[in-house]
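Dear colleague,

I am passing on the structure we spoke of, and my notes on it follow directly below. Please read them with the coordinates open beside you.

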Amino acid sequence: APVIGVLALQGDVREHLVALAAADAVARPVRRPEELAEVDGLVIPGGESTTISKLAVLFGVMEPLRARVRDGLPVYGTCAGMIMLADKILDPRSGQETIGGIDMIVRRNAFGRQNESFEAAVEVRGVEGDPVEGVFIRAPWVESVGAGAEVLAEHGGHIVAVRQGNALATSFHPELTGDHRVHALFVEMVRANRAADS
Ligand code: GLN
């Protein structure tokens, strides 16, 4: 089974470890560059993107993260993790950096002003069957994507899921629902990438 790390600096790490294990991956927390080097894929959890950014710099893992993502490491970011994978943030806090990897511009807390937190059924391209239950918690949306990025889902006229090559991002949190189909989609991306590498 593929080994998939969860960046464990801040956020809902445990929920992703459980969801990945349920989707037949070997899941483990990643904090240090040595741990990052050992995984076939990586999840960036939900939480607070400014905090994750600052801790990644402090732990010396920001540059290694950028290098591995540039080299094609499969990555999946939820909510704050989506922000971390954006090439550009519309409204960054001071000192806030991203890993990048997806040619998109995100707006932080975009849904939050009207409605701190809500759930909605979301049709996600590549996920078979019923819509996914989207849990949005002070969620970002994607203002725009570049030519290389594929929009996988929208909600209320706003982009909420994007894929570019081996990078996947959702505004919402499938790890909180018990429905592991989005994690299974990511595990498939990791398997396909491993098969292509070997
Ligand atoms: N609002 C948070 C941020 O800007 C994201 C919230 C979340 O991950 N649930 O990082």
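In this predicted model, the ligand is surrounded by Gly46, Gly47, Glu48, Ser49, Cys79, Ala80, Ile83, Arg108, Asn109, Ile137 and Arg138. By residue type, this shell is made up of four nonpolar, four polar and three charged residues.

The unreviewed UniProt entry carries an "active site" annotation, which covers Cys79, His173 and Glu175. These residues are spread over 97 residues of sequence, yet they cluster in space, with a largest C-alpha distance of 11.0 Å.

Of the annotated residues, Cys79 also belongs to the ligand shell, and its place in the fold is the loop that runs between strand S4 (75-78) and helix H5 (80-85). Cys79 counts as buried because 29 other C-beta atoms lie within 10 Å, where 20 or more are required. If neighbours within four places in sequence are set aside, the contacts of Cys79 are Gly46, Ile137, Ala139, Pro140, Ser171, Phe172 and His173; Gly46 and Ile137 in that list are also among the residues around the ligand, while His173 is itself covered by the annotation.

Glu175, for its part, sits in the loop between strand S12 (167-170) and helix H6 (181-197). Glu175 is likewise classed as buried, since it has 30 C-beta neighbours inside 10 Å. With residues up to four places away in sequence left out, Glu175 is in contact with Asp12, Glu15, His16, Ala19 and Thr78.

With best regards

Key
Residues are numbered from 1 along each chain as its sequence is written. This is a predicted model: local features need pLDDT of at least 70, side-chain atom pairs count only at pLDDT 80 or more; totals for chains, interfaces and linings use all residues. A residue is near a molecule or strand if its C-beta atom, placed from the backbone, lies within 6 Å of it. Ala, Val, Leu, Ile, Met, Phe, Trp, Tyr, Cys and Pro count as nonpolar, Asp, Glu, Lys and Arg as charged, and the others, Gly among them, as polar. UniProt positions are given in the numbering used here, feature names are shortened, and annotations may be inferred rather than shown by experiment. Helices (H or I, at least four residues) and strands (E, at least two) are DSSP runs, numbered from the N terminus. A residue is buried if 20 or more other C-beta atoms lie within 10 Å of its own, exposed if 12 or fewer, and partly exposed in between; C-beta atoms are placed from the backbone. Two residues are in contact if their C-beta atoms, placed from the backbone, lie within 7 Å.
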